[in-house]
Amino acid sequence: MTDIEVVKANLYDPLHTEALLHICDEYARDPMGMNESLSEAVKIRLIDQLRNFPTTISFLAFLGGQPVGMANGFYGFSTFNGKRLINIHDLAVLPPARGKGAGEALLKAVEKQARLMDCCKVTLEVREDNRARRLYERFGFRYGDPGMLFMSKELGDPHS
């Protein structure tokens, strides 16, 4: 495994926010994302919205000093466990860095933060055809019993 450094993102550091925006946009362009860039309106408001959303937790992965991956998560709550959880909403690694340990390092950072905050679990959603499923399964993520499905209902234009 290559030397990957993961840091908790500082949403007031221009280097971190530029990296988050870039990686998030590249993720959106990927077939596992939306297959298109984030809209200009989203790019303009994203960092401020993340800063002002009280449960945001973001991490950046660096390889050779360059940002190559990110994990955006949000604290939630498990009523069945009576404890916090972290839901990973975005986990993305830029194509040239894939397979070099950045995804695993980001997952480890999220899990470490979850344990530090006494969370009962870490959750994520993944497309059935996403190659990262193997990573998540190796890392210990499992489908609920019975198999859990993620459902959503769009409310308006998700690109504006």
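Asn-35 lies in the loop between α1 and α2, where helices (H or I, at least four residues) and strands (E, at least two) are DSSP runs numbered from the N terminus. The model is predicted, so that local features need pLDDT of at least 70 and side-chain atom pairs count only at pLDDT 80 or more, while totals for chains, interfaces and linings use all residues. Residues are numbered from 1 along each chain as its sequence is written, and side-chain values use heavy atoms, with hydrogens and water left out.

Most residues other than glycine have a negative phi. Asn-35, which is not a glycine, has a positive phi near 70 degrees. With a relative accessible area of 54%, Asn-35 is exposed; the classes are buried (under 20% relative accessible area), exposed (over 50%) and partly exposed (in between), computed with a 1.4 Å probe on protein chains only. The loop between α1 (14-29) and α2 (40-52) also holds Met-32. In contrast to the exposed Asn-35, Met-32 is buried at 15% relative accessible area. Contacts of Met-32, leaving aside neighbours within four places in sequence, are made with Tyr-27, Arg-127, Asp-129, Asn-130 and Arg-131, contact meaning heavy atoms within 4.5 Å. One of these partners, Arg-127, is 95 residues from Met-32 along the chain, and the C-alpha atoms of the two residues are separated by 7.5 Å.

A positive phi, of about 55 degrees, is also found at Asp-118, again not a glycine. Asp-118 is placed in the loop between α3 and β5 and is partly exposed, with a relative accessible area of 47%. The side chain of Asp-118 forms a salt bridge with that of Lys-83 (3.1 Å, N to O), a salt bridge being a side-chain nitrogen of Lys or Arg within 4 Å of a carboxyl oxygen of Asp or Glu. Because Lys-83 belongs to strand β4 and Asp-118 to the loop between α3 and β5, this pair ties together parts that are 35 residues apart in sequence. Lys-83 is likewise partly exposed, at 31% relative accessible area.

Side chains of opposite charge can pair when their charged atoms come close. In total, the structure holds 11 salt bridges. Within helix α1, the side chains of Glu-26 and Arg-29 meet in a salt bridge of 4.0 Å, N to O. These two residues are 3 residues apart in the helix, so about one helical turn separates them. Glu-26 is partly exposed at 30% relative accessibility, as is Arg-29 with a relative accessible area of 41%. A further salt bridge joins the side chains of Arg-133 and Glu-137 (3.7 Å, N to O). Both lie in helix α4 (residues 133-138), where a spacing of 4 residues places them about one helical turn apart. Arg-133 counts as partly exposed at 22% relative accessibility, and Glu-137 is partly exposed with a relative accessible area of 32%. Salt bridges with shared partners connect Asp-25, Glu-26, Arg-29, Glu-40 and Lys-43 in one network.

Empty space within the model was then examined. On a 1 Å grid over the protein atoms alone, a cavity is a set of points where a 1.4 Å probe fits but cannot get out, whereas a pocket is an open set with protein on both sides within 12 Å along at least five of seven lines; lining residues have an atom within 4 Å of a point. Grid points are joined across faces, edges and corners, and a volume is the space filled by probe spheres set on the points.

The structure contains 1 cavity of 30 Å³ or more, and the largest cavity has a volume of about 30 Å³. Its lining consists of Ile-57, Phe-59, Ala-71, Asn-72, Gly-73, Ile-86, Ile-88 and Val-110. At least two lining residues are supplied by each of β2 (56-63), β3 (66-78) and β4 (83-93), with β3 giving the most, 3 residues. By class, this lining has 6 nonpolar, 2 polar and no charged residues; Ala, Val, Leu, Ile, Met, Phe, Trp, Tyr, Cys and Pro count as nonpolar, Asp, Glu, Lys and Arg as charged, and the others, Gly among them, as polar.

The second largest pocket encloses about 170 Å³ of space. Two or more of its lining residues come from each of α3 (102-116) and β5 (121-124), and the largest share, 5 residues, comes from α3. Residues lining this pocket include Leu-107, Glu-111, Arg-115, Lys-121 and Phe-141. The lining has 9 nonpolar, no polar and 3 charged residues. Ile-88 and Val-110 line the largest cavity and also appear in the lining of the second largest pocket.
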